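Colleague: Got a minute to go through this model with me? I'd like to start with the charged residues and then work outwards.

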Amino acid sequence: MRTLTEGETADDVESALDTLEEKGYLSNERYAQSRVRVRASRYGNRRLAQELSMMGVDSETVREALSETPDEFERAQTIWEKSTGKPRQTVRNTIVRCVF
């Protein structure tokens with residue numbers, strides 16, 4: 001993030017951000033949907049929700065984005081199936097680490 005240069009104010013920045021939102025260039029909804037789509041195969045809903053909240057996405061937008069993901073049980077089962085042949089404890093730790 002760059003600092004303000006001489007003559008710029010925080011109001012100028014807010015105005016620019018508002019304009020970008022109005023034109024549809026900035027969207028918390030699209031960001032949340034994209035983040036969930038990319039990371040849902042590796043992480044559970046709780047972890048995804050925490051990440052989005054830490055990035056400043058409101059809870060309603062987080063809920064909407066997570067409602068579009070496949071079932072957590074199916075995602076955990078996919079991790080389990082990909083881990084065939086690995087020690088049981090290793091697989092369990094992987095699933096727990098993903099916060100399922």
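**Charged pairs and the rest**

Modeller: Sure, starting with Arg35: its relative accessibility is 29%, so Arg35 counts as partly exposed. The scale here is under 20% relative accessible area for buried, over 50% for exposed and partly exposed in between, with a 1.4 Å probe and protein chains only.

Colleague: Before we go on, what kind of model is this, and what are the ground rules?

Modeller: It's a predicted model, where local features need pLDDT of at least 70 and side-chain atom pairs count only at pLDDT 80 or more, while totals for chains, interfaces and linings use all residues. Residues are numbered from 1 along each chain as its sequence is written, and side-chain values use heavy atoms, with hydrogens and water left out.

Colleague: OK. Which residue forms a salt bridge with Arg35?

Modeller: Glu51 does, with the closest N and O atoms 3.4 Å apart. That pair links distant parts of the chain, as Glu51 is in helix H3 and Arg35 in helix H2, 16 residues apart. A salt bridge here is a side-chain nitrogen of Lys or Arg within 4 Å of a carboxyl oxygen of Asp or Glu. Helices are DSSP runs of H or I with at least four residues, strands are runs of E with at least two, and both are numbered from the N terminus.

Colleague: Is Glu51 buried or exposed?

Modeller: Buried, with a relative accessible area of 14%. Helix H3, where Glu51 sits, covers residues 45-54.

Colleague: And what does Glu51 contact, leaving aside its neighbours within four places in sequence?

Modeller: Arg35 and Arg39, where contact means heavy atoms within 4.5 Å. Arg39 also meets Glu51 in a salt bridge, at 2.9 Å from N to O. Arg39 lies in helix H2 and Glu51 in helix H3, so this pair ties together parts 12 residues apart in sequence. Arg39 is buried, as is Glu51.

Colleague: Which residues are linked in that network of salt bridges?

Modeller: Arg35, Arg39, Arg47 and Glu51.

Colleague: How many salt bridges does the count come to?

Modeller: 4. One of them joins the side chains of Glu60 and Arg63, at 2.8 Å from N to O. Those two are 3 residues apart in helix H4, which means about one helical turn separates them. Glu60 counts as partly exposed because its relative accessibility is 38%.

Colleague: Switching to the greasy bits. How many residues are in the largest nonpolar core?

Modeller: 16, and the ones with the most contacts inside it are Val36, Leu48, Leu52, Val62 and Leu66. The elements giving two or more residues to this core are helix H2 (28-39), H3, helix H4 (59-67), helix H5 (72-82) and helix H6 (88-97). By nonpolar core I mean a set of buried Ala, Val, Leu, Ile, Met, Phe, Trp, Tyr and Cys residues joined through side-chain atoms within 4.5 Å.

Colleague: What does Leu66 touch?

Modeller: Not counting residues up to four places away in sequence, Leu66 touches Val36, Asn45, Leu48 and Ala49.

Colleague: And Tyr31, what does that one touch?

Modeller: With the same sequence neighbours left out, Tyr31 touches Leu52, Met55 and Val57. Tyr31 lies in helix H2 and counts as partly exposed, at 31% relative accessibility. The C-alpha atoms of Tyr31 and Asp71 are separated by 21 Å, with their positions 40 residues apart along the chain.

Colleague: Which residues form a nonpolar patch on the surface?

Modeller: Val13, Leu17, Leu20, Tyr25 and Leu26, with about 430 Å² of accessible area together. Patches take residues with over 30% relative accessible area and no salt bridge; like charges are joined within 9 Å, and nonpolar side chains (Val, Leu, Ile, Met, Phe, Trp, Tyr) within 5 Å. The areas come from the Shrake-Rupley method with a 1.4 Å probe, and for residues only the protein chains shown count as cover. Leu17 lies in helix H1, residues 10-22, and counts as partly exposed at 34% relative accessibility.

Colleague: Zooming out, what does the secondary structure come to?

Modeller: 6 helices and 0 strands.

Colleague: And what's the radius of gyration?

Modeller: 19 Å, whereas a compact globule of 100 residues would have one near 13 Å. The radius is taken over C-alpha atoms, and the globule rule is 2.2 Å times the number of residues to the power 0.38. Along its principal axes, the C-alpha trace spans about 65 × 25 × 20 Å.

Colleague: How much of the protein is buried?

Modeller: Buried residues make up 24% of the 100 residues.
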